[in-house]
Amino acid sequence: MPGIDEFLRLRELASMLSQASAASEAHEDELNRLRKREATRAETLTILDAFKFEHRTLASRLNDIEHQLSQRLVAETQARLEDEGLALLMRQQEIDRAADEARTFLGGYDKTLTELRVEIDANLAQARLRRDEALARAAALREDLPADWREKFDRVLAKKLAHGPFSRLTNTRCHFCQHAVSKVFESEVDVLLQLKACPGCGRLLLPHKVVAG
Ligand SMILES: [Zn+2]
């Protein structure tokens with residue numbers, strides 16, 4: 001007949017499963033960190049390409065202007081072309097400065113990205129190991145549970161209840177949802193150590209001996 005040990009096993013099983021899912025989340029977070037970094041790098045490369053393109057366009061327009069200025073022009077046209085040429089030159093300088101900055105940033109960034117990738121790889125491996133260990137322990141614990149306990153546990157787990165799959169009774173009420181049960185029901189849980197679900201919230205009820213440790 002199942003007893004305290006089974007309840008302890010059940011509780012450990014739940015804790016292993018939540019450790020496994022925390023490790024999976026940590027794994028996903030690390031991957032996102034890497035993806036974000038790589039996205040920033042790709043963005044910077046796109047910006048650099050745009051600078052290069054604009055630089056070429058400006059250079060070709062400046063060539064045109066220079067060519068026109070070498071010819072005889074009415075004063076008004078000459079002044080207009082000179083103004084335009086000056087504005088284009090200033091913009092070109094601006095772009096060159098920004099491109100230099102982007103290249104410097106990228107140089108440093110590539111270095112940190114390489115270092116970061118090493119760190120992230122280590123964290124990923126660690127998270128995978130934690131998850132696999134927790135899952136292996138969970139599988140072993142499951143094996144040792146009575147079949148009907150496994151079914152009850154799976155059923156409550158499938159509900160993905162906030163704050164976990166367990167509750168307990170205090171003065172014939174579910175500690176969690178306050179659903180009232182009979183004295184008989186309570187002693188089936190606390191004295192006979194039967195695995196029962198709260199009729200209100202569906203959480204599995206741990207006997208007092210287990211909750212008290
Ligand atoms: Zn309840």
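1. Let's start with overall shape. A compact globule of 213 residues would come out near 17 Å in radius of gyration, but this chain has 34 Å. Keep in mind as you look around that this is a predicted model. Along its principal axes, the C-alpha trace covers about 110 × 35 × 25 Å. As for burial, 11% of the 213 residues in the chain are buried.

2. Now the parts list. The chain holds five helices and four strands. Reading from the N terminus, you'll meet them in the order α-α-α-β-β-β-α-β-α. Two of the helices are worth finding on screen before you go further: helix 1 takes in residues 4-69, and helix 2 takes in 75-143.

3. On contacts along the chain: take those with a separation of 6 or more, and 71% of them turn out to link residues 24 or more positions apart. One pair to look at is A98 and I47, which sit 51 residues apart along the chain, with 9.6 Å between their C-alpha atoms. A98 belongs to helix 2. Is A98 buried or exposed? Neither, quite: A98 has 13 C-beta neighbours inside 10 Å, so it counts as partly exposed, since the exposed class stops at 12 or fewer and the buried class begins at 20 or more.

4. Next, the domains. The domain assignment splits the chain into domain 1, residues 1-145, and domain 2, residues 146-213. Their centres, taken over C-alpha atoms, are 48 Å apart. The two do touch: 11 residues of domain 1 and 13 residues of domain 2 take part in the contact. Which element gives the most to the domain 1 side? That's helix 1, with seven residues. Sorted by class, this side of domain 1 has seven nonpolar, one polar and three charged residues.

5. The largest nonpolar core deserves a point of its own. It has 19 residues, and L204, L205 and L206 are the ones that touch the most other members. Helix 1, helix 2 and strand 4 (204-205) each put in at least two residues, and the largest share, five residues, is from helix 1. Both domains have a stake here, as domain 1 and domain 2 each contribute at least three residues to this core. For background, nonpolar side chains in soluble globular proteins tend to be buried together.

6. If you want one residue to click on in that core, try L206. Setting aside neighbours within four places in sequence, L206 contacts F7, R11, F166, R168 and V211. Of these partners, F7 and R11 fall within the 4-69 range of helix 1, and F166, R168 and V211 carry numbers inside domain 2.

7. Last, a couple of backbone oddities. N171 has a positive phi of about 50° even though it isn't a glycine. You'll find N171 in the loop between strand 2 (169-170) and strand 3 (173-174). N171 has 7 other C-beta atoms within 10 Å, so it is exposed.

8. The other case is Q178, also a residue other than glycine, with a positive phi near 70°. Where is Q178 found? Look in the loop between strand 3 and helix 4 (183-190). Q178 counts as exposed because it has 11 C-beta neighbours inside 10 Å, and the cut-off for that class is 12 or fewer.

How values were computed:
Residues are numbered from 1 along each chain as its sequence is written. This is a predicted model: local features need pLDDT of at least 70, side-chain atom pairs count only at pLDDT 80 or more; totals for chains, interfaces and linings use all residues. Domain bounds come from an automatic or database domain assignment. Two residues are in contact if their C-beta atoms, placed from the backbone, lie within 7 Å. Ala, Val, Leu, Ile, Met, Phe, Trp, Tyr, Cys and Pro count as nonpolar, Asp, Glu, Lys and Arg as charged, and the others, Gly among them, as polar. The radius of gyration is taken over C-alpha atoms; the globule rule is 2.2 Å times the number of residues to the power 0.38. A nonpolar core is a set of buried Ala, Val, Leu, Ile, Met, Phe, Trp, Tyr and Cys residues joined through C-beta atoms within 7 Å.
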